[in-house]
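Trainee: I have a structure open and want to learn to read its empty spaces and its odd residues. Can we go through it together?

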Amino acid sequence: MNRPAPLFPGARVALVAPSSAVPEGLLARANELVCSLGLNPVFYPSCRYSGRDGYLAATDAQRAQDIMHAFENPAIDGVWCARGGYGAHRILPLLDAASIRKHPKWFGGYSDVTALHTFLNQKCNLETFHIPMPASKWEWDAITLDGMKKALFGGLTGALENPEGHAVKTLVPGQARGRLCGGNLSLLAASMGTPWEIDTRGKILFLEDVNEKTYRLDSMLTQLRNGGKFDDCAGIVLGYWTDCEPEDPDCTLELDEIFRQLILPAGKPAISGFACGHSQPSLALPLGRLCVLDAAAGTVCIEED
């Protein structure tokens, strides 16, 4: 796995929008955050709200072109997705994996960007970073900001432990070692049966989601289960399930019961409640990096590799 060079003060960072449009009011917040970190933001055309294509930030061709140009441009040091939403998996056929392999760079984002993480990890052999995106309404808490800085500038190693007050639940005890993969469950389920299908063999699989009914989470987890993804992986880390409510609270399966029925039978070390995803505080994850999951301790230890 190719680990990109960490960023540095003054680094030029491409801000791209591979999914939904970035509301104009949030561009200023993105600029403020990136500058406060000592980086120089370079806003690509897909970030311009005036160029949106319906619910997409821009046409598929424009969004793919922005990503390719950002990787191929020697004046750009890293690529940070401004926001998620919907649409990243539409541009996968338009990306040139061979060219990206020749120009490896730091890459970050999460949520819908999961489609690009999987592409870059598997097709380009490039380590990427699962971190929040700068065009956000969040007021950044200290833990999230600390993880973000370590992902950007180096030092994201050692044990990742939940902050005080955020309990981790052991679903299946044991230890497992493998490369981190995964991200947003909806995107991983959508990858099934495509050339960009998530490969979990021997890996630690991380899953999270937002704004989904519990029966839909059941369906997507069943898709992964039926595709052998839980049997293939070495261990499983379940993060936040933000605003994932049952459609009918009086006639539903709770999330813990869905996990018990669909994930536990694989017998792989597994935890839930890991502080990562669409809530704060959110820990940063280096996707593609070797790590050790200790399900009894509720920790994920990131190796130097």
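Trainee: Which residues line the second largest pocket?

Mentor: Some basics come before the answer. This is a predicted model, where local features need pLDDT of at least 70, side-chain atom pairs count only at pLDDT 80 or more, and totals for chains, interfaces and linings use all residues. Residues are numbered from 1 along each chain as its sequence is written, and side-chain values use heavy atoms, with hydrogens and water left out.

Mentor: Now the general idea. Rolling a probe the size of a water molecule over the atoms shows where empty space is left. A pocket is an open set of points on a 1 Å grid over the protein atoms alone, with protein on both sides within 12 Å along at least five of seven lines; a cavity is a set where a 1.4 Å probe fits but cannot get out; lining residues have an atom within 4 Å of a point.

Mentor: Here, the second largest pocket is lined by Ile-143, Asp-146, Gly-147, Lys-150, Gly-155, Leu-156, Thr-157, Ala-159, Leu-160, Glu-161, Leu-283 and Ala-284. The elements that give two or more residues to this lining are α5 (142-153) and β6 (158-160). Helices (H or I, at least four residues) and strands (E, at least two) are DSSP runs, numbered from the N terminus. α5 gives the most, with four residues.

Trainee: What volume does the second largest pocket have?

Mentor: About 150 Å³. A volume is the space filled by probe spheres set on the points, and grid points are joined across faces, edges and corners. The largest pocket holds about 470 Å³. Its lining has 20 residues, and the closest to its centre are Arg-83, Tyr-110, Ala-135, Ser-136 and His-278.

Trainee: How do the residues lining the largest pocket divide?

Mentor: Into ten nonpolar, seven polar and three charged. Ala, Val, Leu, Ile, Met, Phe, Trp, Tyr, Cys and Pro count as nonpolar, Asp, Glu, Lys and Arg as charged, and the others, Gly among them, as polar.

Trainee: How many cavities of 30 Å³ or more does the search find?

Mentor: One, in a search of the whole structure. The largest cavity has about 40 Å³ of space. Its lining includes His-117, Cys-181 and Leu-287. α4 (114-123) and β8 (175-184) each give two or more residues to that lining.

Trainee: Now a charged residue. Is Lys-268 buried or exposed?

Mentor: Buried (under 20% relative accessible area; exposed is over 50%, partly exposed in between; 1.4 Å probe, protein chains only), yet Lys-268 has no salt bridge. A salt bridge is a side-chain nitrogen of Lys or Arg within 4 Å of a carboxyl oxygen of Asp or Glu. The nearest side chain of opposite charge, Asp-231, is 5.7 Å away. Yet the backbone oxygen of Asp-231 lies 2.4 Å from a polar atom of the Lys-268 side chain. That side chain also reaches the backbone oxygen of Cys-233, at 2.6 Å.

Trainee: What should I look for in the backbone?

Mentor: Most residues other than glycine have a negative phi, and most peptide bonds are trans. In this model, the bond from Gln-280 to Pro-281 is cis, with omega near -5°. Pro-281 lies in the loop between β11 and β12 (285-287).

Trainee: Where is Asn-211?

Mentor: In the loop between β9 (204-210) and α7 (214-226). Its phi is near 55°, a positive value in a residue other than glycine. Asn-211 is exposed, with a relative accessible area of 55%.

Notes: Lys and Arg count as positive and Asp and Glu as negative; His and the chain ends are not counted. A polar contact is a pair of N or O atoms within 3.5 Å; within protein, one must be able to donate a hydrogen and the other to accept it, and residues adjacent in sequence count only if both atoms are side-chain atoms.
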